[in-house]
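Student: I should like to go through this model by asking on what grounds each descriptive term is applied. May we take the terms one at a time?

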Amino acid sequence: MQALIGLPLADLRRETLLRLRGTAGCTHLNDAARALSEAQALVDLLPATID
């Protein structure tokens with residue numbers, strides 16, 4: 001996961017596949033990291049202000 005810290009969310013899906021290959025990451029870790037790339041889409045759906 002250290003290899004992914006600081007990456008823009010937009011690059012996370014692609015870079016996870018490149019950087020966590022083989023013994024660098026297990027399938028579950030790889031899936032979880034790639035799922036984080038969708039966080040920005042969820043944030044964009046939030047209202048501008050939260051009461």
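**Terms and their criteria**

Tutor: We begin with D31, which is partly exposed, its relative accessible area being 38%. The model is a predicted one, in which local features need pLDDT of at least 70 and side-chain atom pairs count only at pLDDT 80 or more, while totals for chains, interfaces and linings use all residues. Residues are numbered from 1 along each chain as its sequence is written, and side-chain values use heavy atoms, with hydrogens and water left out.

Student: Why is D31 called partly exposed?

Tutor: Buried means under 20% relative accessible area and exposed means over 50%, with partly exposed in between (1.4 Å probe, protein chains only). The value for D31 is 38%, so D31 is partly exposed.

Student: What makes the contact of D31 and R34 a salt bridge?

Tutor: The term requires a side-chain nitrogen of Lys or Arg within 4 Å of a carboxyl oxygen of Asp or Glu. The side chains of D31 and R34 meet at 2.4 Å, N to O, so the criterion is satisfied. The two residues are 3 apart in helix α2 (residues 27-35), and therefore about one helical turn separates them. Helices here are DSSP runs of H or I with at least four residues, strands are runs of E with at least two, and both are numbered from the N terminus.

Student: How many salt bridges does a search of the whole structure find, and which residues are joined into one network?

Tutor: The search finds 5 salt bridges. Those that share partners join D11, R14, E15 and R19 into one network.

Student: How do you know that R14 with D11 and R19 with E15 form salt bridges?

Tutor: For R14 and D11 the closest N and O atoms are 3.8 Å apart, and for R19 and E15 they are 2.8 Å apart. Both pairs therefore qualify under the cut-off of 4 Å. R14 and D11 lie in helix α1, 3 residues apart; R19 and E15 also lie in helix α1, 4 residues apart. In general, side chains of opposite charge can pair when their charged atoms come close.

Student: Which class of accessibility does E15 fall into, and which does R19?

Tutor: E15 has 12% relative accessibility, so E15 counts as buried. R19, at 36%, counts as partly exposed.

Student: Why is T16 called buried, and G6 exposed?

Tutor: T16, which is in helix α1, has a relative accessible area of 0% and is therefore buried. The side chain of T16 reaches the backbone oxygen of L12 at 2.7 Å. G6 lies in the segment before α1 (9-19); because its relative accessible area is 73%, G6 is exposed.

Student: How many helices and strands does the protein have, and what share of its residues counts as buried?

Tutor: The protein has 3 helices and 0 strands. Of its 51 residues, 20% count as buried.

Student: What makes the protein more spread out than a compact globule?

Tutor: The radius of gyration is taken over C-alpha atoms, and the globule rule is 2.2 Å times the number of residues to the power 0.38. For 51 residues the rule gives 10 Å, whereas the protein has 13 Å, well over that value, so the protein is more spread out than a compact globule. The C-alpha trace spans about 45 × 20 × 15 Å along its principal axes.

Key
A polar contact is a pair of N or O atoms within 3.5 Å; within protein, one must be able to donate a hydrogen and the other to accept it, and residues adjacent in sequence count only if both atoms are side-chain atoms.
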